[in-house]
Amino acid sequence: METRQIQYFLEVAKREHVTEAADALHIAQSAISRQIANLEKELGVELFIREGRSVKLTPLGKIFYERIKQVWYLMEDSKREIREYLNPEKGTVRIAFPISMAAHTLPHIIYSFRTRFPEAKFQMSNALYYKLIDGVVNGQFNLAMIAPMPNLEKDKKIKGDILFTENIVALIPLHHPLSDRPAIQLRDLMNDPFCVLPEGFVFREQVVQACNGVGFSPNIAFEGKDIDALKGLVSAGLGVALMPEMTLVDNTPRSTVVIPLSDSRLTRTVGVIYPAERDLLPTEKLFYDFLIDTYERLNEFKK
């Protein structure tokens, strides 16, 4: 089995299209087809169901894909590790994050890091909560910012640290009857239409559970694909939303008001996770230590 066979197989499996894979790799389609045919011959099984230039993985192809993908990540990490041991301040950090951290949290910390290490590079991805955990475990990336922090006692495949705890606040339209209050209780919103994230987002589950915890089920009137979409819905006067406080720093939309919730348990932990069974690469370890040190100092300052 050759390295280029693995590379070609992974690219075709990811795109499910031979032509697109060939374009991405800047090689001829015939070269990809030939190498995959050789790979299938060596393995003694068909890896793809072919539909013209489009392809889909066979059941055995899916098993092989999940295994060989991890092998590929390890190979790439090994090459990076050798380069970065020579100069960790010029290496690459592969990090993933939830979309709620895209506007403020992650850009600020990366900016601070690159102020100290200007030649460091980043490969960033965003994903849903459980995809972040899966991606760290299977090697797709080595670091992930995440909220809330998973229970590390239950999931032995990941390690990490809580960076900080942030409040959950209410975002309501400017002309809402409660807009002049210094603080409200969550029950005060029980008759309001709620704007929430789609099914599958952990923060949506947190919002529903918080409402249930104070005795009502939220009237879910609108769904927004991300935090910015929720802000737009509230700004248009279509409902209220609960938001992580950090998502509103320097970015509160017009025609809305941010109001603290007096329910003290309405918080979420924000942390960083990494694989329990793999060492962080030198530049990633540098960034991880920077994260821990930065937020320890910020938390001390707040006290």
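In this predicted model, helix α8 is followed by G237, a residue with a positive phi near 80 degrees. At the start of the helix, the side chain of D226 is in play. One of the side-chain oxygens of D226 comes to within 3.2 Å of the backbone nitrogen of D228.

The buried residues of α8 are I227, L230, K231, L233 and V234. They lie on the same side of α8, because they cover an arc of only 160 degrees around the axis. The partners of these buried residues are strands: β6 (158-173), β7 (193-196), β8 (219-223), β9 and β10 (256-260).

The loop between α8 (227-235) and β9 (241-244) contains V240. V240 is buried, because a relative accessible area of 1% falls under the 20% cut-off. Its contacts beyond four places in sequence include V234, one of the buried residues of α8. The other residues contacted by V240 beyond that range are L171, I172, P173, H176, L189, D192, P193, F194 and C195. F194 stands 46 residues from V240 along the chain, yet 5.0 Å separates the C-alpha atoms of the two.

Pockets were examined next. The largest pocket has a volume of about 320 Å³. Its lining is made up of Q7, L10, E11, K14, L25, Y65, K69, W72, Y73, E76 and Q140. Two elements, α1 (3-15) and α4 (59-86), give two or more residues each to this lining. The top contributor is α4, with 5 residues. By class, the lining of the largest pocket holds 5 nonpolar, 2 polar and 4 charged residues.

The second largest pocket has a volume of about 270 Å³. W72, Y73, E76, D77, R80, R94, Q123, M124, S125, Q140 and F141 form its lining. At least two residues of this lining come from α4, and at least two from β4 (121-126). Here too the largest share belongs to α4, which supplies 5 residues. The lining of the second largest pocket divides into 4 nonpolar, 3 polar and 4 charged residues. W72, Y73, E76 and Q140 line both the largest pocket and the second largest pocket.

Enclosed space was also assessed. The structure holds 1 cavity of 30 Å³ or more. The largest cavity encloses about 160 Å³. It is lined by 15 residues, of which P98, S100, A147, F201 and F203 are the closest to its centre. Helices α6 (129-138) and α7 (202-213) are the elements that give two or more residues to the lining of this cavity. The lining of the largest cavity is made up of 13 nonpolar, 1 polar and 1 charged residues.

In summary, the description covers three regions. Around α8, the buried residues are on the same side of the helix and pack against β6, β7, β8, β9 and β10. V240, in the loop between α8 and β9, has a relative accessible area of 1%. In the two pockets, α4 gives 5 residues to the lining of the largest and 5 residues to that of the second largest. In the largest cavity, 13 of the lining residues are nonpolar.

Methods. Residues numbered from 1 in each chain as written. Predicted model: local features only at pLDDT ≥ 70, side-chain atom pairs only at ≥ 80, totals over all residues. Heavy atoms only, no water. Helix = DSSP H or I, 4+ residues; strand = E, 2+ residues; numbered from the N terminus. Buried < 20%, exposed > 50% of the residue type's maximum accessible area, 1.4 Å probe, protein only. Contact = heavy atoms within 4.5 Å. 1 Å grid on protein atoms, 1.4 Å probe; cavity = no way out; pocket = protein on both sides within 12 Å on 5 of 7 lines; lining within 4 Å. Points joined across faces, edges and corners; volume = space filled by probe spheres on them. Nonpolar A, V, L, I, M, F, W, Y, C, P; charged D, E, K, R; others polar. Arc of directions from axis to C-beta. Polar contact = N/O pair within 3.5 Å; in protein donor to acceptor, adjacent residues only side chain to side chain.
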